[in-house]
Amino acid sequence: MGADVRKGEDRDGDRPSGGGDRPAGDGGALPAGGDEPVADHEYLSLERELTFLLRRARANQGEMAREVHPDLESAAYGLLVRLEEYGRQRATELAAYIGVGKATMSRQLRALEELGLIAREPDPADGRAWLVDLTDEGRRRVTHVREARRARYVTQLSHWDRREVAELARLLHELNGVMGK
């Protein structure tokens, strides 16, 4: 079974299995007529690790969504977390944060409202707009799932120094800022 595994991946095709000892630059493709690599090894490794991390994150988000409510769409979990962290907001603010259009946001909010996880109320500053917030039940469920997730991180990273965890969080925050531009 190992014969069909591509170099640098495990059997499920997701996780790198080595190759990190190569010098920088030897993993890049050569441009036509040039002798400098297009992509350095470090950036190819970054792409591979981010792809693996994002694939796992999507799967984990789906699990967390189902823990909040069995009928909750994976994509809607991020909305609930945003509302838990920042409180009530306009639907347009949520759509901009998540990066979806008004129609998609409206559909997601309607589904969350039907599940009893959010409620809408008129915005006192603008009678045409609505504010969205977690219901008490929504807040209870999201808080429970997030606390369980944090406990899992503590267990999984127990062999890391807290400064390493903080540095990883800082670097990911910086990366998110750069990627968002």
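Biologist: Which residue of E3 stands opposite Arg-120?
Modeller: Arg-120 stands opposite Val-132 in E3, in what is, throughout, a predicted model. The strands concerned are E2 and E3, the latter covering residues 126–134, and they run antiparallel, joined by six bridges. Another position in this register is Glu-121, whose bridge partner in E3 is Leu-131.

Biologist: What makes E2 and E3 a pair, when set against the rule for pairing?
Modeller: The rule asks for at least two bridges between two strands, and E2 and E3 are joined by six, so the condition for a pair is met. The two strands also form a hairpin, with two residues between them.

Biologist: How many bridges pair E1 with E3, and in which sense do the strands run?
Modeller: E1 and E3 pair over two bridges in the antiparallel sense; since the requirement is at least two, this count also qualifies as pairing. Arg-90 has Leu-131 as its bridge partner in E3, and Leu-131 is also the bridge partner of Glu-121.

Biologist: Why are E1 and E2 said to stand at the edges?
Modeller: The three strands form an open sheet in the order E1-E3-E2, with antiparallel pairing. Strand E1 (89–90) and strand E2 (118–123) each have a single partner strand, so one side of each is left without a neighbour in the sheet.

Biologist: Which residues are linked with Arg-90 in a network of salt bridges?
Modeller: Arg-90 is linked with Asp-123, Asp-126 and Arg-128 in that network. By the rule in use, the count for the model comes to 15 salt bridges.

Biologist: What makes the contact between Arg-163 and Asp-161 a salt bridge?
Modeller: The closest N and O atoms of Arg-163 and Asp-161 are 3.1 Å apart, and the cut-off is 4 Å between a side-chain nitrogen of Lys or Arg and a carboxyl oxygen of Asp or Glu, so the pair qualifies. Side chains of opposite charge can pair when their charged atoms come close.

Biologist: Are Arg-163 and Asp-161 buried, partly exposed or exposed, and why?
Modeller: Arg-163 has 65% relative accessibility, and because exposed means over 50%, this residue counts as exposed. Asp-161, at 32%, lies between the limits of 20% and 50% and therefore counts as partly exposed.

Biologist: Which salt bridges does Arg-170 form with Glu-167 and Glu-174, and why are the residues of each pair said to be separated by about one helical turn?
Modeller: The closest N and O atoms are 2.8 Å apart in the bridge between Glu-167 and Arg-170, and the N to O value for Glu-174 and Arg-170 is likewise 2.8 Å. Glu-167 and Arg-170 are three residues apart in helix H6, which means a separation of about one helical turn; Glu-174 and Arg-170, four residues apart in H6, are also separated by about one turn. Glu-167 is partly exposed at 35%, Arg-170 is partly exposed at 41%, and Glu-174 is partly exposed at 46%.

Biologist: What makes Leu-53 eligible for the nonpolar surface patch?
Modeller: Leu-53, found in helix H1, has 43% relative accessibility and counts as partly exposed; a patch residue needs over 30%, so the accessibility condition is satisfied. The patch, of about 370 Å², is made by Leu-53, Trp-160, Val-165, Leu-168 and Leu-172, and its largest share, three residues, comes from H6.

Biologist: How does the span of H1 compare with the expected one, and which of its residues are buried?
Modeller: Helix H1 (residues 41–68) has 28 residues and reaches 40 Å from its first C-alpha to its last, close to the 40 Å expected at 1.5 Å a residue. Its buried residues include His-41, Leu-50, Phe-52 and Met-64, and the buried residues of H1 pack against helix H2 (77–86), helix H5 (136–156) and helix H6 (162–179).

Biologist: Why is Gln-108 called buried, and which residues does Gln-108 touch?
Modeller: Gln-108, in helix H4 (residues 102–114), has a relative accessible area of 6%, and because buried means under 20%, the label applies. Leaving aside residues up to four places away in sequence, Gln-108 touches Ala-75 and Leu-79.

Conventions. Residues are numbered from 1 along each chain as its sequence is written. This is a predicted model: local features need pLDDT of at least 70, side-chain atom pairs count only at pLDDT 80 or more; totals for chains, interfaces and linings use all residues. Side-chain values use heavy atoms; hydrogens and water are left out. The expected span of a helix is 1.5 Å times one less than its number of residues. Buried means under 20% relative accessible area, exposed over 50%, partly exposed in between (1.4 Å probe, protein chains only). Contact means heavy atoms within 4.5 Å. Patches are made of residues with over 30% relative accessible area and no salt bridge: like charges are joined within 9 Å, nonpolar side chains (Val, Leu, Ile, Met, Phe, Trp, Tyr) within 5 Å. Accessible areas come from the Shrake-Rupley method with a 1.4 Å probe; for residues, only the protein chains shown count as cover.
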